[in-house]
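Here is a short tour of a protein chain, written to be read with the model open beside you. Take a moment to turn it around before reading on.

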Amino acid sequence: MVRNAVLAALAVLLAAPVPALAQAVNDPIVIAHRGASGERPEHTLAAYEIAIDRGADYIEPDLVVTKDLELVARHENELSDTTDVASREEFDHLRRDKMIDGQRVAGWFAEDFTLEELRTLRVRERVGTIRPANLGYNGLYQVPTLAEIVQLVRAKEAETGRRIGLYPELKHPTFLLEVEGVDMVDLLLRELRDLDIEPQDPIFIQSFEVGTLQRLNQRSDYKLVQLLHPEGGPVDEPDMRYAEMVTVPGLEEIAEYADGIGPWLGYVLDPDTMQPTTLVADARALGLTIHPWTLRKENGFLPAALQGTGGPAGEGQWRRLWSAAIATGADGFFTDNVREMVEMLDGEPAS
């Protein structure tokens, strides 16, 4: 990829001038957010494979756990948004109400299904109003296990001759530990060991929770990333706020247990002025990598000022947003649209 040659020129695409901080661009990695989820239902082997074929450097599986302690990929442990479970009468008896991270959630939960039961479900598109084309793939795919994802990655590495990284996120680990008695830290470390994935391999482990990453830091040498949401704070640290964690004192605390941060894009780029904040420079000064989320094309995900015609599924001024994001100099980006991201970084016209 000839990314470096074009990155500095990307800032020219912006209507407003880019200050000096944003000129120090690097060669960012492309992280396929839940796979190529702009083209296939997220967290399916098909979405991951297409992302790899499009040139992703890393693929990101969100991990939940089954009743028999198998790690599987779902956006949430509640299954009705991403599978056909609500239409499956044989699982009516597994419908529950649970308090998860302070919110009451009703539905069907991965931790109440064995892997065998879960494999009878079929995946459906989660945001069909924004991605109606993906609805055509409803019912085709199963929920994949982490082991199957690793098997796919290794097969594609053998096919392409290039390394492909993993970027797993642990979903609701404190809830699962305190309410369900399931230790996701232990499960993940055991699974990585069984799969012969070493800390020196291309892998980042991420979480919105602080204690989970601190435990991982104490027990392993894997690269760890603290996720930072635009609202609230870590559920396991009720006195902390994400907005405070992106300040220099907050970053200093993160640097004690993590190797990087995964901030909401608005923390690194003002969506109204399209100007960068100091977060990239502040993180780098402390030795933290920074991978903002998430670059997407559809109006439904864009700031209001950049939205175009066609309703939530239409494309807005995503090129302007992406160019400004890349010009901040962040080390990598999560994206739902791997092909367009790779083309932009390679200086090709993104269709």
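The report below goes from the whole chain to its strands and then to single residues.

**The whole chain**

Please keep in mind that this is a predicted model. The secondary structure of the protein chain comes to 12 helices and 13 strands. Laid along its principal axes, the C-alpha trace spans about 60 × 45 × 40 Å. How does the radius of gyration agree with that of a compact globule? A compact globule of 351 residues would have a value near 20 Å, and the protein chain has 20 Å, so the two agree.

Burial and contacts add to this picture. Of the 351 residues in the protein chain, 55% are buried. Among contacts between residues at least 6 apart in sequence, 67% join residues at least 24 apart.

Turning to the surface, the protein chain exposes about 14,500 Å², and carbon and sulfur atoms supply 49% of that area. As for charge, the chain has 33 positive and 59 negative charges, and their mean positions are 4 Å apart.

**An open sheet**

Strands of a sheet pair through backbone hydrogen bonds, in either a parallel or an antiparallel way. One open sheet here has 4 strands in the order S7-S2-S1-S13, with parallel pairing. Which strands form its edges? They are strand S7 (165–166) and strand S13 (332–335), each of which pairs on one side only. Strand S1 and strand S2 run parallel and are joined by 3 bridges. Within this pair, Ile-31 stands opposite Tyr-58 in S2.

**Strand S11 and its partners**

Strand S11 (residues 260–263) pairs in the parallel sense with strand S10, and S11 also runs parallel to strand S12. On the S10 side, Val-225 stands opposite Gly-260 in S11. On the S12 side, Ile-261 stands opposite Ile-290.

The parallel pairs described above can be set side by side:

| Strand | Partner | Bridges |
|---|---|---|
| S1 (residues 29–33) | S2 (residues 58–60) | 3 bridges |
| S10 (residues 223–228) | S11 | 4 bridges |
| S11 | S12 (residues 289–290) | 2 bridges |

In a regular strand, the side chains alternate between the two faces of the sheet. Which way do the residues of S11 point, and are they buried or exposed? Gly-260 and Gly-262 point one way, while Ile-261 and Pro-263 point the other way, and all of them are buried. Gly-260 is thus a useful residue to find in the viewer: Gly-260 is buried and has Val-225 opposite.

Notes
Residues numbered from 1 in each chain as written. Predicted model: local features only at pLDDT ≥ 70, side-chain atom pairs only at ≥ 80, totals over all residues. Heavy atoms only, no water. Rg over C-alpha atoms; globule rule 2.2 N^0.38 Å. Buried < 20%, exposed > 50% of the residue type's maximum accessible area, 1.4 Å probe, protein only. Contact = heavy atoms within 4.5 Å. Areas by Shrake-Rupley, 256 points an atom, 1.4 Å probe, with all protein chains shown as cover. Lys, Arg positive; Asp, Glu negative; His and termini not counted. Charge placed at Lys NZ, Arg CZ, Asp CG, Glu CD. Pairing = 2+ DSSP bridges.
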